[in-house]
Each structure stands twice: as structure tokens, then as C-alpha cells.
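This report covers the helix packing, the sheet and the internal space of one protein chain. The sequence and structure come first.

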Amino acid sequence: MSNKPAELLKEISGLREKIIRASLPPELKERAEEMVLRLFRMARLGEYSLEYEKTANYIDWIVSLPWTTRSEDILDLKEAKEILDRNHYGLEEVKERILEYLAVLKLQKERYKKEEFKIARAPILCFVGLVGTGKTTLAYSIAEALGRKFARIPFGGMGDPLDLRGQSRLRPDAEPGLIIKALRRAGTKNPVILLDEIDRVTEEGRASIMGVLVELLDPEQNFAFRDHFLDYPFDLSEVLFIATCNNTTSISVAVMDRLEPIQMPSYTDEEKITIGRDFVLPKTIAEMGLEKDQIKIDPDVWPKIVRPLGYDAGIRTLERTINGICRKVAKMVVEGKGNHFHINTENMKEFLPSW
């Protein structure tokens, strides 16, 4: 960084311009302007460099947050049903619950449309089920149906509540928590934020992390969520939180009290065959650069694809198996061993991955 006074003043003026252009809450804007004025004073005394970096980092964060930016909800139940049906096979009871949930949002919005700052709420959904049963993709589908931005926060292995709350600016390596980072990525103050696998936090940090979750999910508290780095309340009341977990036994009663659990059923073999044949295989063929008519699989082969290692509640193993088949075909096409492949019970061992 240059020590020439004119260049220093120009850099500090650039920070002030960022503050002026940003849509910040009045109190926060006043605080930021005071920090810039302090930099001007320090520049004259030569004690400038370290404080500038801290202040510039803080201002970059506050001006990039969506304090007033919102996306407009779609709330069209017919379109939402089409999206859910396109992305998920079966799960009729779960889809019905989601459509009910969107209907509540729609009615609340219509009722309170004349009250701009009235909070329209529906229960916070928590998808409970085994690995691979579609919990995370359902959250993506809800965001798509609403027309909202989407952000995911993984809780697996999290052991420190500061991961969510951020660190004080007094620390040299301070940064905001995952909540504020998710809002910055989304770019709106009303995104869908997925709290993924909230039951998989470490035992040591469980109690304190559950305390932060209560604040996030409680409408009486989350309108003024305070990240330690920002040290200024951010309104999370318009965020649509969705949680997932494998089971609820390790989630505190206070957190469960603020969630509406929806049990994700395991897939039957018949459902997996339909999912594999009609959804996973066409998608995988396209992703690997193959043509849809280059792979044909006999009906007798699908039970072997579905159960290569025995029963599996989700579709992760099914997806891996189909990926393996398509990779083998892609390799054979590139090697010039053929252009169209018909997989039947006689040759399936050539294509099914070895376990």
C-alpha cells in the first residue's frame, strides 16, 4: 500500500463512497462513517495500514448484504406441483404437505399485503429421513417453486456456535458466521436457507449450537439476529428456513418445538426402478455426453441395478450404479467398441460396477 498522503486519502474516500451508495440502516451507516473519519485522522498520524484493512473488510461486508433487497414470491400452487412432480417421483403425502405450506404463505401474503412490514409466516419444515431419501432436493424444489434464492448451511461436524454467529472484529482473523455468509451469497433478505443435517453437530457443541438454532427459528427473536462480526442486528424474519435430519433424538426439545417434522419414507424397489429408468438414467446419459438411444436396459436387469448390495432406503447407491454403467459405456464408445449398447441379463456383468 502506498504511503503517499494523496493516495491514502483517495482510498479512504473510496470507502466513504461505498457507504453513501449502499442501502444501510441509518445507525449502521452512521457507525461506518465514523470509522472512515477515524481513518482520516489516523492517516495524518501515520498509524494507518492495519486499521485500514480491518475497516475496509468490515465496510465491504456491510455494503454487500441485502438489507432491503427481496425477491418476489411466485406462490402458484399449480406450478409448484409441476416442479415437485418433475423433480421427485412418488412422495405424494410429502408433496401435499409442502403445497399446504405454500398455500398458507399465499393466504397470509394476500391478507397482509396492505401492511408492508407485517410478517407472513408458515411453520418451519423439517424433513426427517434416512440418507438418500430426497430431503435436500426437496428444499431446492421449494425454493424453485417460490422463485426464491437458495443457500445451504451444512451442520455435519459443526462444533462451535461461532460458526453460525461469527467472530468479534477484535480478533485478527475475524469473519462473519455462516448465516450472514449465506445471505450475502443469496443476495436477498428472503431466501430459502437449508439447515442441513442439524442432528449431526458434535456432542461438545450441541447445547450451544441448539441455542443459536432456537434464536434463528423463533419469530420472536430472529427479527434482530446479531452476528458478532457485524455487531448490528439483521432481520431474518423473512428468511424461509428449512431443516433436515436423519433422526430427531439428538435435537433439543426447544428446537423441535419450532419445527414441523415431515417424515421422508423409504423408497420401494418398484419406485426405485421407476426413478432409475425415468429420471436418473436419462439425466446421467445427458450429463456424460451420450445420446439417449445409446443405452438400452432390459426390464429384467433393473432389479439387479436397484439392489446390487441388498436393501438401501435411499437412491444414492442407485445413482452410483447408473453412473458406473454410463461411464463404462462412454469408455467403450470412445474406444470404438460400439455406438449402441443393449444391456440384458447375459451381459450385465460387463456393465454393472464390481463391488
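In this predicted model, helices α11 and α13 lie oblique to each other, because an angle counts as oblique when it falls in none of the parallel, antiparallel or perpendicular ranges. The angle in question is about 45°, and the two axes are 10 Å apart. That value is not under 35 degrees, the limit for roughly parallel, and it is outside the 65 to 115 range for roughly perpendicular. Helix α11 covers residues 269-287 and helix α13 covers residues 316-334. The crossing of α11 past α13 is right-handed.

A second helix pair is formed by α4 and α5, the latter spanning residues 92-111. Their packing angle is about 150°, which is over 145, and so α4 and α5 count as roughly antiparallel. Here too the crossing, of α4 past α5, is right-handed. The table sets out the two pairs.

| Helix pair | Packing angle | Axis distance | Crossing |
|---|---|---|---|
| α11 and α13 | about 45° | 10 Å | right-handed |
| α4 and α5 | about 150° | 10 Å | right-handed |

**Second largest pocket**

Helices from both pairs return in the lining of the second largest pocket, where α4 (77-87), α6 (135-146), α11 and α13 each give two or more residues. The pocket encloses about 720 Å³ of space. Its lining comprises 25 residues, and those closest to the centre are N87, T137, K283, I315 and E319. The most is contributed by α11, which supplies six residues. By class, the lining has seven nonpolar, ten polar and eight charged residues.

**Cavity**

Rolling a probe the size of a water molecule over the atoms shows where empty space is left. How many cavities of 30 Å³ or more does the structure hold? There is one. The largest cavity has a volume of about 30 Å³. Its lining is made up of L75, D76, L77, A80, L102 and A145. Five of the lining residues are nonpolar, one is charged and none is polar.

**Sheet**

The strands form an open sheet of five, ordered β2-β3-β6-β1-β7, with parallel pairing. At the edges stand β2 (150-154) and β7 (259-263); each has a single partner strand, so one side of each lacks a neighbour in the sheet. On average, neighbouring strands are turned by 25° against each other, direction ignored.

Which strand does β1 join through five bridges? The partner is β7, and the two run parallel. Strand β1 consists of residues 124-128. Within this pairing, L125 stands opposite E260 of β7.

Methods
Residues numbered from 1 in each chain as written. Predicted model: local features only at pLDDT ≥ 70, side-chain atom pairs only at ≥ 80, totals over all residues. Heavy atoms only, no water. 1 Å grid on protein atoms, 1.4 Å probe; cavity = no way out; pocket = protein on both sides within 12 Å on 5 of 7 lines; lining within 4 Å. Points joined across faces, edges and corners; volume = space filled by probe spheres on them. Nonpolar A, V, L, I, M, F, W, Y, C, P; charged D, E, K, R; others polar. Pairing = 2+ DSSP bridges. Helix = DSSP H or I, 4+ residues; strand = E, 2+ residues; numbered from the N terminus. Axes fitted to C-alpha atoms, helices over the stretch in contact; angles between N-to-C directions. Left-handed = near helix turned anticlockwise from the far one by under 90°.
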